[in-house]
Amino acid sequence: MEKQGDGLRMNDQRPPVYVVDDDQDIRTSLSRGLGQRGFDVECFASAAEFLDAYDGEQAACLILDYGMPEMNGLELQALLTRRDLPLAVIFITGHGGVPESVQAMKGGAVDFLEKPFRQSVLVERIEAAFDIARAHQSARGLRNDIHARIGRLTAREKEIVDHILAHPAEASSKDIANSLGISPRTIDHHRARILEKLQVRSVVELVDLVGKLKQSEPGRT
Amino acid sequence: MRNSLGALLAIGLAGLQFIAVLAVVFSSFLTSERALLDHARELLSDVGTNTIEHSRGFLGPARGAAELSARLAQDRVIASDVPELLEQLLFQQLLLAPQFAGVYHGDEDGGFVYVMRSDGPGPFRTKIIRTDGELRTTELIWRDENYRVIERRWDPDDTYDPRTRPWYTRARDRLTTIWTDPYIFFSSQQPGITLASPVLDGPDAIRGIVGVDIEISDISDFLARLRIGATGRAMIIHENGDVIAHPNKDFLKTRDADGTLRFVNIAEFEDPIARAAFSGLMQGGRAQVEGETLSQFTYDGETYVSVVMPPISDKLPWTIAAYALESDFTQVIKENRLVNIWIAAVVAAVTGVFGLLLANFIYKPVRAFAVRSALISQGELDPGDPLPKTYQELENANQTLMQQIAARRETEMEYGRTFALSSRGMAQIDPESERFLRVNRKFCRITGYSASELEGMTFSDVAHPEDRRALIVARDTDGSTREIARDIRCVRRNGSVIWASVNAIQILNQEGKPLHLVLTMDDITQAKLSEDQIAELNKDLSNLSRDHTMGQVAAGLAHELNQPLTAITQNADSALYAVDQMAGADPDLRVMLEEIAEQSMRAGEIIKALRSFIRRDEGIRSDFDLPELVTQTTRLVVAEARAADVKISADLGALPQVNANRIQIAQVLVNLLRNAIEAVAEAGGDSRSIVVTARVEGEQVHVAVTDTGPGVDPDISLFTDFETTKASGLGLGLSICRSILASNGGRLWHEPVVEGGARFVFTIDVATSGLSS
């Protein structure tokens with residue numbers, strides 16, 4: 001592993017750019033050029049090397065060579081998607097082909113650049129990639145947060161939430177009490193706890209929260 | 001070979017008549033003979049039956065008379081011992097039956113009364129023997145029919161004793177009526193038979209015997225009267241073989257050595273035919289006849305038929321035998337037959353002639369029709385001419401024929417017109433001599449000969465010496481090669497060699513024999529030349545594109561080249577960035593770095609083009625936006641354009657999406673733009689521009705690249721000159737561009753520009769989606 005930066009680290013302004021390419025000259029030139037432009041660049045010679053180093057939390061742009069020995073770009077992309085990692089991928093390839101590019105774009109790539117390419121084009125793509133990666137990360141954060149809040153609910157509370165979500169029109173304490181066979185007072189008590197745990201002020205916000213979660217679920221496009 | 005209707009009719013009508021007559025004659029020939037033979041046998045059988053009946057009728061009354069007399073005597077109605085009364089009774093009996101020779105009565109005492117027919121002095125004679133102990137007298141009395149005595153005489157010498165006679169002894173022994181065997185009567189010397197009936201005196205004794213002599217020569221007369229053919233004979237043979245009745249009575253008797261008369265036995269009978277026919281009946285001294293027997297025998301070379309009847313009765317063991325000459329019956333037929341044959345021959349001849357006349361009459365209109373058809377087919381008669389009197393069927397056939405002829409003439413005319421005016425050279429060739437039968441104008445134009453010159457020439461005279469064998473194959477009549485299509489060289493009248501695409505079809509008649517060859521010919525000299533060049537190109541191309549290994553190497557190479565190119569681009573860009581950041585940097589440095597980056601990109605484009613060219617076969621055609629492609633490609637050559645001080649502009653307007661291999665089209669555009677830039681640069685004129693224009697033409701978009709260069713030298717064959725004089729460029733000339741476009745369904749050509757300069761136009765298919773809108 002070689003590093004042109006100071007290793008993986010948090011950067012509040014700009015996310016890092018990771019380059020995965022088996023060609024040393026490519027890595028060097030990209031690292032130099034992008035570094036010059038102020039990007040935080042880190043290069044890896046193979047997919048495995050990158051996976052070892054990446055912490056899975058950092059939103060980043062991944063410049064990925066399409067044709068590599070062992071795990072190729074597409075396979076790595078698929079793996080990242082499965083793991084719900086906050087990475088935006090820009091493919092670069094010396095082979096170039098319509099079928100490959102189509103597959104890469106379907107897999108959520110920001111772009112598919114055929115080698116050689118001008119740096120200006122790449123820079124432009126990287127900026128776009130950052131936005132995507134950030135959005136991805138914040139969606140993932142929100143999702144995790146909501147999951148964490150929901151995780152704090154007791155089994156009975158979850159049951160009440162499920163009922164509210166399934167029948168939003170019958171969300172009054174009386175309705176819920178009737179359907180679950182417990183007293184409205186107890187329901188009132190539970191609801192207050194639920195709103196507190198989920199950090200929402202009303203049942204309307206609760207429904208909205210869960211809706212956001214569902215929207216940002218990975219794999220949904 | 002088909003049969004002539006006339007011959008069929010003649011043979012049919014005359015032949016059938018003849019066969020019919022023959023059949024009738026032949027059948028009657030056979031059946032009549034058989035019928036007659038059957039008739040002969042029946043006749044013989046009838047003769048036998050008749051003879052039997054006649055014999056019975058002849059002998060029957062004797063029995064009645066004898067038995068009546070005996071019964072009268074027995075019952076003493078007539079006193080048998082009174083000779084005068086007895087004589088009267090016997091006389092009455094004798095009168096009744098003319099066949100009776102004599103009737104008599106003898107008694108136990110030796111008395112005898114005998115009345116018989118006599119020759120004189122009276123017609124009847126009575127002999128009366130009276131006995132009284134030892135004394136006996138014999139009186140002879142002659143009477144007339146009225147029983148009047150004519151003469152009376154005594155015969156003292158008479159020694160006759162009835163009791164010793166065979167008829168007496170046998171009747172006495174048997175005590176019943178008996179018949180004697182036939183014998184020759186002593187008195188009349190005629191053959192006869194005696195019937196004796198006893199006059200009984202108690203159960204075992206007799207008083208006397210009444211006898212009747214019957215002369216049976218009357219039966220012979222009867223037989224003589226029977227007609228059995230011309231030479232047939234019937235006879236009666238006694239069971240002991242004696243012939244007792246025969247048409248020739250003289251044959252019956254013979255005299256023994258002691259002077260007594262007796263019957264002649266069949267074995268020694270004087271009628272040789274009878275002997276031959278019937279002596280075989282005798283077996284063990286007795287005639288053996290089982291039943292009515294019809295048979296056939298041959299005597300002296302003649303065929304006879306014979307019949308033998310069974311014995312009439314136990315008491316009359318007589319066999320009736322008859323024979324007849326077969327030819328007596330069949331002769332008439334045989335004679336008749338000859339006449340019949342003659343009649344049949346005449347009838348057959350007459351009907352045959354009539355049949356021929358009839359056949360001729362029936363056939364005549366058909367023949368006339370056939371002659372007329374032949375004349376029409378030779379063109380000597382117009383099909384519209386009125387038809388001679390003929391049959392309904394032929395009229396219909398004529399109608400059809402006329403329509404066919406009209407249709408055929410029309411077809412021939414059309415064919416002739418097609419032949420004459422065809423844009424291809426056409427010739428009819430005789431398959432035997434190979435001579436031209438007919439040629440059209442175009443054929444003359446191709447070969448350079450006139451039609452009259454070609455007449456009498458063969459195709460070999462026109463074909464190039466090395467290609468002469470090509471057509472000979474078409475003459476092959478084994479059926480395997482009746483059609484040839486090949487390109488051969490021909491020598492024109494002026495000696496120039498041309499390439500011709502020759503098509504020869506053998507036209508066969510219905511029997512499969514060759515009528516002529518129809519040959520069509522096109523001058524393909526021009527096409528052949530460019531075809532040769534294209535073949536050459538294709539060879540090169542296939543070396544490029546078809547070789548898999550090379551394709552792989554190229555693909556690998558492209559990738560390998562792209563890596564350093566990417567590094568170069570990145571570094572150049574980095575350097576540019578650095579220069580931009582730097583104050584007071586040399587502006588040339590920036591340009592140089594930009595050039596480095598652009599040239600790397602161009603190298604990348606070339607590699608891309610090369611790779612996609614190598615993979616052209618699998619190249620994917622897609623719908624894309626042409627203006628966008630033009631913009632991108634223009635960008636590729638912008639550096640060169642700038643260097644050459646050439647302005648590139650595009651005037652494309654609104655275009656539908658097009659369908660082609662995008663990269664290949666880009667490659668073509670790059671090529672054309674680069675050529676244009678070079679041309680303009682070379683010209684060095686004031687107007688230095690290149691315009692890319694496009695317009696929709698039907699289902700295609702025509703893209704034109706027009707420059708203001710010097711234009712194309714007309715002497716240069718743009719597309720066939722593979723080797724380009726240019727040092728730079730993709731190294732893939734216009735011919736490759738044209739080939740690329742062809743694989744995309746497009747074309748590329750050059751158009752001269754009036755104001756000077758060159759214009760290259762190529763076509764791309766409009767996308768299907770673009771077509772519908």
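How far apart are the end C-alpha atoms of residues 341–363 of chain B, and how much of the span is helix or strand?

## The annotated span in chain B

The end C-alpha atoms of residues 341–363 of chain B sit 31 Å apart. As for secondary structure, the span comes out as 100% helix and 0% strand. Keep in mind that this is a predicted model.

There's an annotation to go with that helical span: an unreviewed UniProt entry puts a "transmembrane region" on residues 341–363 of chain B.

## How chain A is put together

Moving over to chain A, we get nine helices and five strands. Read from the N terminus, the order is β-α-β-α-β-α-β-α-β-α-α-α-α-α. In other words, strands and helices take turns through to the fifth β, and the run ends in α elements.

On packing, chain A has 221 residues, and 33% of them count as buried. Now take the contacts in chain A between residues at least 6 apart in sequence: 64% of these join residues at least 24 apart.

## Where the two chains meet

So much for chain A by itself; what about its partner? Contacts between the chains involve 21 residues of chain A and 20 residues of chain B. On the chain A side, the elements that give two or more residues are helix H1 (24–36) and helix H5 (119–151). H1(A) gives the most, with seven residues.

Sorted by class, the side of chain A that touches chain B has nine polar, seven charged and five nonpolar residues.

Note on methods: Residues are numbered from 1 along each chain as its sequence is written. Chains are lettered from A and ligands numbered from 1 in the order in which they are written. This is a predicted model: local features need pLDDT of at least 70, side-chain atom pairs count only at pLDDT 80 or more; totals for chains, interfaces and linings use all residues. UniProt positions are given in the numbering used here, feature names are shortened, and annotations may be inferred rather than shown by experiment. Helices (H or I, at least four residues) and strands (E, at least two) are DSSP runs, numbered from the N terminus. A residue is buried if 20 or more other C-beta atoms lie within 10 Å of its own, exposed if 12 or fewer, and partly exposed in between; C-beta atoms are placed from the backbone. Two residues are in contact if their C-beta atoms, placed from the backbone, lie within 7 Å. Ala, Val, Leu, Ile, Met, Phe, Trp, Tyr, Cys and Pro count as nonpolar, Asp, Glu, Lys and Arg as charged, and the others, Gly among them, as polar.
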